[in-house]
Each structure stands twice: as C-alpha cells, then as structure tokens.
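Reader: I should like to learn how to read the features of a protein–DNA model in an orderly way. May we take them one at a time?

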Protein chains: 2
Amino acid sequence: MTRTPIWQSIATSLRSAIAEGHYSAGEKLPTEAALSERFGVNRHTVRHAIRHLADEGLVHARRGAGVFVLARPLDYPLSERVRFHQNLLAAGRLPEKSVLSVEVHAAAEDDARRLKIAPGDPLAVSYSLSFADGTPVALAESRFPEVRHPGLADALRRESGVSKALAAVGVEDYVRASTRLSATSATATQALHLQLREGAPLLLAESISVAGDGLPIEHGQTWFASERITLTLDY
Amino acid sequence: MTRTPIWQSIATSLRSAIAEGHYSAGEKLPTEAALSERFGVNRHTVRHAIRHLADEGLVHARRGAGVFVLARPLDYPLSERVRFHQNLLAAGRLPEKSVLSVEVHAAAEDDARRLKIAPGDPLAVSYSLSFADGTPVALAESRFPEVRHPGLADALRRESGVSKALAAVGVEDYVRASTRLSATSATATQALHLQLREGAPLLLAESISVAGDGLPIEHGQTWFASERITLTLDY
DNA sequence: GTGTATGATATGTCTAGTTGTATAGTTGCT
DNA sequence: AGCAACTATACAACTAGACATATCATACAC
C-alpha cells in the first residue's frame with residue numbers, strides 16, 4: 001500500500017483549516033511560497049493541493065493576486081430557494097449588488113431600437129456584480145434610456161439598487177416584459193468576476209423591462225454562475 | 001492548453017464595443033481606472049489591451065487626456081443570431097421528436113420522491129431527441145410513473161408525442177408544475193446527439209408536470225443546444 | 001476679456017510581489 | 001525499466017502601489 005501523497009495531506013490540512021474558520025470566505029490564503037515553506041515542500045506540491053481544492057470548488061486562485069476562499073454554495077431548502085428566486089425573477093434584483101461602472105454614451109442602432117429611442121441619444125450603461133453570501137453569482141450589463149430620464153446615470157451610480165435609481169428619476173413602476181434564456185461559456189473576464197474557470201457554463205438571461213407608460217426602461221443581460229444558482233419557475 | 005490571456009479578452013470586448021458603435025469615432029473611451037473596475041482587473045492589464053488596440057490603429061491614447069477612438073470599422077462580423085425562438089412552455093414538446101429509447105425499471109429513491117411513488121415501483125424512462133428544421137435542438141430524459149399508468153411505456157414507444165401517449169393511458173390533462181433552469185457543458189454523448197462539440201454550453205431545464213388529479217405525471221430533464229435555441233418568457 | 005495659477009484627473013513608467021506554465025532532474029517503489 | 005511523486009529553476013502573466021507627467025476645467029487677478 002502506498003502512503004498518502006504529501007499533496008493530499010496538505011489539501012486535507014488546508015481544507016480543515018478552512019472548515020474550522022481559520023480562513024473564511026473571501027479571505028486570501030497565505031501565498032504559495034509561504035505555504036511551501038510552512039509545509040517544508042516545493043511550491044509545486046502546494047500548487048497540486050490547491051488545484052485539488054479549486055476543483056472541489058472550495059477556493060479560487062487569481063493569477064498575481066492570490067488564492068481566495070469561496071463560500072460553499074448553500075443548499076437552500078426548496079421552499080426558501082423558490083422564494084429567493086421568485087423574488088429574483090419578479091424584481092430583477094439581488095441582494096448585495098455592487099455597481100462596477102456606469103457609462104453614458106450615444107446609443108447604437110441596436111440598443112436604440114430595443115429601447116425605442118433614436119440612435120445617438122444618450123444611453124446609460126451599467127455594469128454590476130451580484131453576490132450571495134459574499135460569493136459572486138451574477139454579472140449584469142444593463143442599458144437605460146438616459147435621454148428620457150436625465151440624471152438616471154448619476155442615480156445609478158448613487159443608489160444601491162436599480163429600483164431606487166429609477167424611482168429617483170420618477171419611474172415608480174416597471175415590469176419585466178420579456179426574458180430570453182440561453183447558455184454560454186464564461187469568457188476570461190466573466191470568469192474573473194464570477195470567480196470561475198474560463199469556459200464554465202453560464203446561464204444568460206436577456207430581458208426587457210417596461211415602465212408604467214409602456215415605454216422600455218431597461219434592456220439588460222445577466223450572466224448567472226450556474227454552479228451556484230438555479231432559476232426556478234412556478235406556475 | 002494556455003487559456004486566452006485576460007488582456008486579449010478585454011481587447012476583444014472593447015473592439016467589438018467600438019465595432020457595434022457603443023463608442024464612436026472621436027469619442028473618448030472610459031478612463032483606464034474605470035475600465036479596470038468594470039473588468040475587475042488591474043489597470044496594467046487594461047493598458048495592455050489598449051496598447052494592443054492602439055497598435056491595430058483603432059484607438060489613440062493621449063497622456064492626461066484619455067483614449068480616443070480613431071476609426072470605426074465599416075462592419076464587423078456580426079455573429080448572426082439565427083436562433084430559433086421557442087416558447088418556454090413548449091419545452092420538451094418540440095415538433096419532430098424522435099424517441100431514442102424507452103426503458104422500464106425500478107424507481108430509485110430520488111425519482112420516487114419526485115413522482116410520489118414508492119422506491120422500487122415500475123418507472124418508465126424515455127430518452128428523446130427533438131429537431132427543428134432537421135437540426136437537433138434538444139435532448140430529453142423523462143421519467144413517468146409507470147406504476148400508476150400501466151402500458152405507458154408501450155404507448156410512449158408507439159406514439160409520436162408525449163401528449164398522445166399520456167392520452168392513451170387515460171391522462172387527458174396535465175400541466176407543468178415547476179421548472180428549474182441552469183447551464184451545463186455538453187458531455188461527449190450529448191454533443192454527439194446534438195451535433196455540437198464537447199463542452200458546448202447547454203441550457204438545462206428540469207421540470208415536473210402534474211396530471212389533473214394533482215399527482216406528478218412526468219419528471220424530466222431537457223438539454224437545449226443554446227447555440228440554436230433561445231427560450232423566451234413573456235409576461 | 002485675457003492670462004495665469006491651481007487642483008483634479010488622466011496616461012506613462014517603475015518596482016516588487018504572486019500565481020501560471022514549461023522543462024528538466026531526482027527519488028522511491030514495483 | 002517504468003512509473004509516480006516530488007524537486008529545482010526559469011519565465012510569463014497579472015496584481016499592487018507609488019510616482020512622474022500631461023491635460024483640462026475652474027477660479028482668480030488684472
């Protein structure tokens with residue numbers, strides 16, 4: 001019988017350290033160099049252990065930055081999960097949303113048509129990242145007709161949620177008009193944001209929301225890390 | 001086996017944004033700092049991407065001022081979205097369905113719970129492939145409580161559609177109770193059936209249908225070739 | 001009005017540190 | 001001999017932070 005490989009015992013050691021809370025979600029592990037010194041092995045052996053933990057979905061490594069601990073995808077009881085996702089679908093928003101950037105520029109033909117504005121009209125584009133339990137689950141790119149609601153871009157930057165920003169410019173009510181669902185593979189940058197491997201399966205929801213006046217108020221794309229989230233539909 | 005560098009992915013993203021007219025000629029790109037936030041990378045990585053675009057002659061950077069779009073390519077190779085748009089409610093009931101095989105065996109615990117039968121009860125499992133215009137678009141694996149409807153397996157083999165087979169055993173009315181959506185990568189066999197490459201993104205819909213008597217009549221998984229089909233939800 | 005000083009903001013450059021990958025070599029077991 | 005685990009080294013890709021330098025808008029003096 002072969003003895004257990006060193007990398008396996010290192011993986012076990014790190015796994016239990018994480019489980020015991022020595023390293024909590026979002027935190028950085030010591031550098032590979034530091035770990036290799038601590039365990040008295042070569043850096044590659046530590047890397048082997050870390051790669052194993054990454055395959056298990058426990059940690060995620062970012063080149064040049066470090067190795068970060070991920071939150072275990074919580075298995076919500078079905079009833080609770082249903083409510084969570086229902087809210088998600090109904091309201092189109094998630095808890096712990098972080099706005100990455102908001103830009104304003106002239107609308108291209110495509111966007112203009114979808115939002116029923118003229119090409120060249122001011123368009124607000126918002127990029128945001130949504131978290132659940134500190135782990136990223138969704139990446140969104142939303143387009144708003146700034147031309148019809150001046151100050152919307154500022155409001156999007158200022159307010160934490162889309163609803164609040166829209167309320168700030170006088171849009172009290174809006175509903176999702178249509179949603180198109182498909183699947184894609186994560187690009188390098190999407191993988192970065194969602195802390196996934198490049199090529200990981202993503203669930204893509206493309207939606208159009210309309211305000212009370214019947215005019216489109218948002219046209220967005222949301223990429224969900226399908227390893228961590230499931231969309232549920234109920235009838 | 002080297003994955004695509006991040007800066008390349010960013011360059012591609014910016015290049016297509018320019019091509020699509022989101023940033024038009026003479027206009028300023030967002031600042032390097034803003035872009036680095038939006039893409040979730042270090043400023044240096046964004047600079048690498050911009051330098052590449054500058055080498056291509058697409059943009060020009062002026063110290064202290066910003067990065068400006070020089071020219072807009074006439075037309076870019078727009079990935080034609082020749083997708084079939086299908087209604088989500090029709091999931092698993094697409095035209096041109098070909099039943100690959102129908103098996104009957106004892107229900108495992110999981111399936112039994114979902115279909116509200118006892119573990120070990122006869123269970124009909126149907127594997128089918130759906131086409132649209134002769135192209136495979138969906139692969140389905142459906143489970144039916146054979147124990148409650150003896151002869152269902154035979155009917156599934158005989159009849160062309162699920163509705164007809166169910167009608168043959170006295171189930172006139174049934175509705176979809178819930179659908180859960182996620183994304184996966186195609187396995188080798190799935191890729192073969194759907195005529196895709198291995199690892200292609202698939203949209204997975206897991207559903208439960210109930211008959212008029214309120215009992216579950218079907219529990220199925222359908223994998224859609226998301227390159228060829230988009231599910232649409234309308235409200 | 002015109003010119004100038006100033007502060008905020010933008011790109012350019014540099015240094016140091018961390019993970020990713022490739023190649024080659026060593027050790028121990030079967 | 002062959003294989004697997006581990007070591008050793010080097011370089012590439014990316015992060016992090018600091019600082020230099022160019023630009024622009026504004027305010028203020030004249």
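Reader: Of the atoms of DNA strand C within 4 Å of the protein, what percentage belongs to sugar or phosphate?

Author: Please bear in mind that this is a predicted model. For DNA strand C, 67% of the atoms within 4 Å of the protein belong to sugar or phosphate, and the rest to bases. The corresponding share for DNA strand D is 71%, again with the rest belonging to bases.

Reader: Which residues come nearest to DNA strand C, and which elements each supply at least two residues of the surface near that strand?

Author: There are 23 residues around DNA strand C, and those that come nearest are A:Arg43, A:His44, A:Arg47, B:Arg43 and B:His44. From chain A, helix 3 (43-55) and strand 1 (59-62) each supply at least two residues of this surface; from chain B, helix 3 (43-55), strand 1 (59-62) and strand 2 (66-69) each do so. Sorted by class, the surface has 10 charged, 9 polar and 4 nonpolar residues.

Reader: Which polar backbone atoms lie 3.0 Å or 3.2 Å from oxygens of DNA strand C?

Author: One should ask which part of the residue and which part of the strand are paired. A polar backbone atom of B:Glu32 is 3.0 Å from a phosphate oxygen of DNA strand C, and one of B:Gly64 is 3.2 Å from a sugar or linking oxygen of that strand. A side chain also takes part: an N or O atom in that of A:Arg63 is 3.1 Å from a sugar or linking oxygen.

Reader: What is the class composition of the surface near DNA strand D, and which residues come nearest to that strand?

Author: The surface near DNA strand D has 10 nonpolar, 8 polar and 4 charged residues. Of the 22 residues around the strand, A:Ile6, A:Thr45, A:Arg63, B:His44 and B:Thr45 come nearest. The backbone is involved in both chains: an N or O atom of A:Asn42 lies 2.9 Å from a phosphate oxygen of DNA strand D, while for B:Asn42 the distance to a phosphate oxygen is 3.1 Å. A base is reached as well, since a polar side-chain atom of B:His44 lies 2.5 Å from a base oxygen of DNA strand D. Helix 1 and helix 3 of chain A, with helix 1 (6-19) and helix 3 of chain B, are the elements that give two or more residues to this surface.

Reader: Which residues of helix 3 of chain A are buried, and why may they be said to line one face?

Author: The buried residues in helix 3 of chain A are A:Val46, A:Ala49, A:Ile50 and A:Leu53. Viewed down the helix axis they fall within an arc of 95°, and therefore they line one face. Among the elements covering them are helix 1 (6-19), helix 2 (32-39), strand 1 and strand 2 (66-69) of chain A. The face turned away from the buried side carries A:His44, A:Arg51 and A:Asp55, which are exposed.

Reader: How should the length and the ends of helix 3 of chain A be read?

Author: Length is judged by comparing an expected span with the model. At 1.5 Å a residue, the 13 residues of helix 3 of chain A should span 18 Å, and the end C-alpha atoms are 18 Å apart, which agrees. The N-terminal end is capped by A:Asn42, which has a side-chain oxygen 2.9 Å from the backbone nitrogen of A:His44. After the helix comes A:Gly57, with a positive phi near 85°.

Technical notes
Residues numbered from 1 in each chain as written. Chains lettered and ligands numbered in written order. Predicted model: local features only at pLDDT ≥ 70, side-chain atom pairs only at ≥ 80, totals over all residues. Heavy atoms only, no water. Near = heavy atom within 4 Å. Polar contact = N/O pair within 3.5 Å; in protein donor to acceptor, adjacent residues only side chain to side chain. Helix = DSSP H or I, 4+ residues; strand = E, 2+ residues; numbered from the N terminus. Nonpolar A, V, L, I, M, F, W, Y, C, P; charged D, E, K, R; others polar. Expected span 1.5 Å × (residues − 1). Buried < 20%, exposed > 50% of the residue type's maximum accessible area, 1.4 Å probe, protein only. Arc of directions from axis to C-beta. Contact = heavy atoms within 4.5 Å.
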